[in-house]
Amino acid sequence: LLHPDDRLAAMPAIAALVNGSAPGFDFECRIPDGTGGWRWLHVRGTTISCDREGKPAMANGFLLDTTEIRGYEEHIRRREVELRDSESRLKNAMKLGRMSPWEYIFATDKIITDRQLSEFWGFGDYYERKEPIGREALESRIHPDDRKYVSRQFDQAVTNGENFEMGFRIGVDDRTRFVHFIGEAVFEEGLPVKLVGIAQDLTSL
């Protein structure tokens with residue numbers, strides 16, 4: 001009745017209990033379900049008494065049908081693979097679109113982002129040190145004509161916990177670059193604690 005792939009493990013384990021070379025067995029195997037498929041069983045047995053010669057005389061154990069549990073586990077594994085694939089596609093799409101996630105923490109007045117955006121702003125060394133970028137450092141890169149506008153939008157978002165969207169220019173290595181920022185507020189216990197969003201490099205688009 002056992003699945004051919006399971007016999008090599010199951011039969012020697014049972015034989016070992018019967019001949020006394022092992023005190024018990026514990027394995028999983030498959031048996032036909034009567035519809036052309038297979039059901040999974042968790043099988044455990046233990047010797048509970050021996051005869052005068054020390055040979056096993058009695059054993060007990062259990063059979064547990066684990067088919068549904070394995071089905072759930074397989075479903076979870078498939079979902080994990082699908083999620084990893086989706087995350088990989090999203091990362092590739094964001095990279096191709098020159099988009100980067102960012103997070104601004106109100107309490108520290110600093111921004112956390114990825115390598116791409118850090119280098120775009122001219123702060124690749126911060127990323128290498130795993131150091132958040134301070135707001136003042138970022139503001140120093142903003143084009144003078146855009147600085148008041150960006151600061152006002154950002155202050156309003158921080159103060160009121162409001163979402164925002166804006167485009168502006170930054171200067172890095174004597175070059176002007178164009179960036180588009182989208183952000184939304186994250187609240188805890190009714191209070192805004194951070195902004196999260198996406199920044200896109202529009203310079204070459």
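Three elements, α5 (135-139), α6 (144-160) and β7 (164-172), each put at least two residues into the lining of the largest cavity in this predicted model. The full set of lining residues is I111, W121, R135, L138, E139, I142, V150, S151, F154, M166, F168 and F181. Sorted by class, that makes nine nonpolar residues, one polar and two charged. The cavity itself comes out at about 140 Å³.

A search through the whole structure turns up two cavities of 30 Å³ or more. The second largest holds about 30 Å³ of space, and its walls are built from I111, T113, L117, W121, I133, L138 and F181. Here the split is six nonpolar residues and one polar, with no charged residue in the lining. Some names turn up on both lists: I111, W121, L138 and F181 line the largest cavity and also line the second largest.

T113, one of the residues around the second largest cavity, sits in strand β5 (residues 110-113). With a relative accessible area of 17%, T113 falls under the 20% cut-off and so counts as buried. Its side chain gets to the backbone oxygen of P101 at 2.7 Å. P101 also shows up among the contacts of T113 once neighbours within four places in sequence are set aside, along with S100, W102, S118, Y127 and I133. Of these partners, I133 is itself part of the lining of the second largest cavity.

Over in strand β7 there is I170, which at 0% relative accessibility is buried. I170 and I142 are 28 residues apart along the chain, yet their C-alpha atoms are separated by 4.2 Å. Leaving out residues up to four places away in sequence, I170 touches F120, W121, R141, I142, H143, R175, T176, R177 and V179. Two of these partners, W121 and I142, lead back to the largest cavity, where both are lining residues.

At the other end of the numbering, L2 and H3 deserve a look together. L2 lies in the segment before α1 (4-19), and H3 lies in that segment too. L2 is buried, with a relative accessible area of 16%, and H3 is buried as well, at 12%. Beyond residues up to four places away in sequence, L2 is in touch with R7, A10, M11, C29, R30, I31 and W38. For H3, counted in that way, the list is R30 and W38, and both of those residues also touch L2. The side chain of H3 additionally reaches the backbone nitrogen of D5, at 3.0 Å. As for spacing, L2 and P32 are 30 residues apart in sequence, with their C-alpha atoms 7.6 Å apart in space.

The contact between L2 and C29 brings up the cysteines. C29 is buried, its relative accessible area being 2%. C50, on the other hand, is partly exposed, at 46% relative accessibility. As for disulfides, the structure holds zero of them.

Terms used
Residues are numbered from 1 along each chain as its sequence is written. This is a predicted model: local features need pLDDT of at least 70, side-chain atom pairs count only at pLDDT 80 or more; totals for chains, interfaces and linings use all residues. Side-chain values use heavy atoms; hydrogens and water are left out. Helices (H or I, at least four residues) and strands (E, at least two) are DSSP runs, numbered from the N terminus. Buried means under 20% relative accessible area, exposed over 50%, partly exposed in between (1.4 Å probe, protein chains only). A polar contact is a pair of N or O atoms within 3.5 Å; within protein, one must be able to donate a hydrogen and the other to accept it, and residues adjacent in sequence count only if both atoms are side-chain atoms. Contact means heavy atoms within 4.5 Å. On a 1 Å grid over the protein atoms alone, a cavity is a set of points where a 1.4 Å probe fits but cannot get out, and a pocket is an open set with protein on both sides within 12 Å along at least five of seven lines; lining residues have an atom within 4 Å of a point. Grid points are joined across faces, edges and corners, and a volume is the space filled by probe spheres set on the points. Ala, Val, Leu, Ile, Met, Phe, Trp, Tyr, Cys and Pro count as nonpolar, Asp, Glu, Lys and Arg as charged, and the others, Gly among them, as polar. A disulfide is a pair of cysteine sulfur atoms within 2.5 Å.
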